[in-house]
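Work through these exercises with the structure open beside you. Try each task before reading its solution.

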Amino acid sequence: MSSTVLLHIVYLWLVCAYQTSAARICVYWDVGYVDIDRAGYGIVRGIGANGALPIPPVTITVGDTLALTVHNSLNVTTSIHAHGLFQKGTSFMDGPAPVTQCGIPPGDQFTYEYVVDQAGTFWLHGHDHHQNSDGLRTPLVIRDRGRPPVAYDEEMLFSFEDWYSQTFADRARDTLDPSQPFPPARGYGFGLINGINGNYTRPIYFQPGRTYRLRLINMSATMWYQFTLPGHVMRVVEIDGEYTESLEVDGVDIAPAQRYSVLVTAHSTRSFNYHFNATMYASFIPPTPGLSPRIFIGDIIYQQGAPFIQPSSYDDSFRWANDINLHALDQEPALPVDRSIRLAVGNNLYQNGQHLDHFNNVTYAPPITPTLYTALSMGDMALDERVYGPQTHAIVLKHNEAIELVIHSPNTLPHPLHLHGHTFQITEYGPADLLVPNSRTVAPVVKNTGVPARRDTMVIPPFQYIKVRFRADNPGVWLLHCHMDIHFVLGMAMTFVEAPDVLQNTMTVPPEMLDFCTKQGISTTGNAAGNQGLNFSGLPPAPIFVSIDP
């Protein structure tokens, strides 16, 4: 760690220590490259903070102000997203570049500062150049101020990651190269648990009769994790920062970007020890011995030296958590729908030879001028979706209207879709209404029968649809995108521009954020190209569609 970085850390510590009565929690990250072997693959160039990987978790309390200072020691721009935080009134702090900001230039720094008013399990990650995939990610735990609505004695944190022998830029280049087979040769990621090789995951210790809250976060770029504690019953009480009614399950299946809190009550005696199981897998990767799935087993210690109970195999009675069966603890009923938006995701072949993803046949490409700045600077034209460019797939929402998204996935892959700025109610799953191969069983329609649970990352299973609802009560610009990063880079993203007329009267972007654009020669006003009206000269041409991939 350089002396300059150390001085920054000491300075920020002194400032925060002086302001403890104001509950201003300061964190300093010098974001830079870290050459590291995290999983036995050999040295890979990752991206960490203060010269280290993994980045330590951040823990704060509701009502605190988080001040995250990011100094950019990379050779490209960077930005940070607090995944799951609504950023009400502070859309410019949301992080995705170039959606709500220009990235922080190399050598510059910026402090993301906001009051935290949500309790639950979240995470911080890079949102520029897909740096999340190379290690720029860590848990963000926000504790309730006062007694939480669920009772427990202690809590434990499990963060799950995938890790690869190539940087994300290398994997993306291979995927986008039209001269290479698509999809590219399969890369079997390795699993990390709490930042270390999953084969060496540390034991957890249970005291008889005590109840533990296990916070489970999947920070992976591609892979799912299944988590079980054989011999114990788990009770789901939180998903993606939203409390739920307690639901007993035997296991949770966690997609990239999703989070769960489960309560586990320890047995009353110390007679036996047990194991926990974390299985990293992807349904679209065929089983390959030793490579996929990867099964990581850790110890649950009641008493050193006590014998271990061996887990039994799963049977039809095994209960996996399913968000359609969960109910919101606050009993908010399903929203009445003001506007329904139908979307379909998929992959197409284009004339340039690339296979690209899309929503409704629009492949996302970033604008030049950040979309938020277009919404703030274009006056009445900000209500015209065309000003945001032909490939941001912008949809303008009216203030406070209740939105239903009906999203179909008529293809073979599941997609974890994350909506910034909101959580949504999960109301229904069913079969996609497009062509389904005869070899597949048609999925049944399944509806939430009570008050629907809310979360910020949904999974659309293959050949199915999902219906979700949210209220457009957060003026700003919010991405909806697949959280498998390779699908994001292929274009599975779109933008909701929420109440730009309200936004223009209520939001002012900090001048230092505008300066980041100026330093890079990017206009902070105008349409997606930084021009006036519908003049998009300067934007690259949209790809030309050839055919639909299965």
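**Exercise 1.** In this predicted model, find which residues line the second largest cavity, then sort them by type.

*Solution.*
1. Start with the lining on the lower-numbered side: His-81, Gly-84, Leu-85 and Phe-86 are part of it.
2. Add His-418, Leu-419, His-420, Gly-421, His-422 and Asp-456, which complete the list.
3. Sort them. Gly counts as polar here. The lining then divides into three nonpolar, six polar and one charged.
4. Note the space inside: about 30 Å³.

**Exercise 2.** How many cavities of 30 Å³ or more does the structure hold, and what lines the largest cavity?

*Solution.*
1. Count: there are two cavities of 30 Å³ or more.
2. Take the largest cavity. Its volume is about 40 Å³.
3. List its lining: Val-44, Arg-45, Ser-133, Asp-134, Trp-163, Tyr-164, Gln-166 and Arg-171.
4. Sort again. Trp and Tyr count as nonpolar. The result is three nonpolar, two polar and three charged.

**Exercise 3.** Which residues form the covered face of strand S3, and which the uncovered one? Then find which residue of strand S8 stands opposite Ile-60.

*Solution.*
1. Locate S3 at residues 58–61.
2. Split its faces. Val-58 and Ile-60 make up the covered face. Thr-59 and Thr-61 make up the uncovered face.
3. Go to S8, residues 137–143. S3 pairs with S8 in the parallel sense, over four bridges.
4. Look across from Ile-60: Ile-142 in S8 stands opposite.

Technical notes. Residues numbered from 1 in each chain as written. Predicted model: local features only at pLDDT ≥ 70, side-chain atom pairs only at ≥ 80, totals over all residues. Heavy atoms only, no water. 1 Å grid on protein atoms, 1.4 Å probe; cavity = no way out; pocket = protein on both sides within 12 Å on 5 of 7 lines; lining within 4 Å. Points joined across faces, edges and corners; volume = space filled by probe spheres on them. Buried < 20%, exposed > 50% of the residue type's maximum accessible area, 1.4 Å probe, protein only. Helix = DSSP H or I, 4+ residues; strand = E, 2+ residues; numbered from the N terminus. Pairing = 2+ DSSP bridges.
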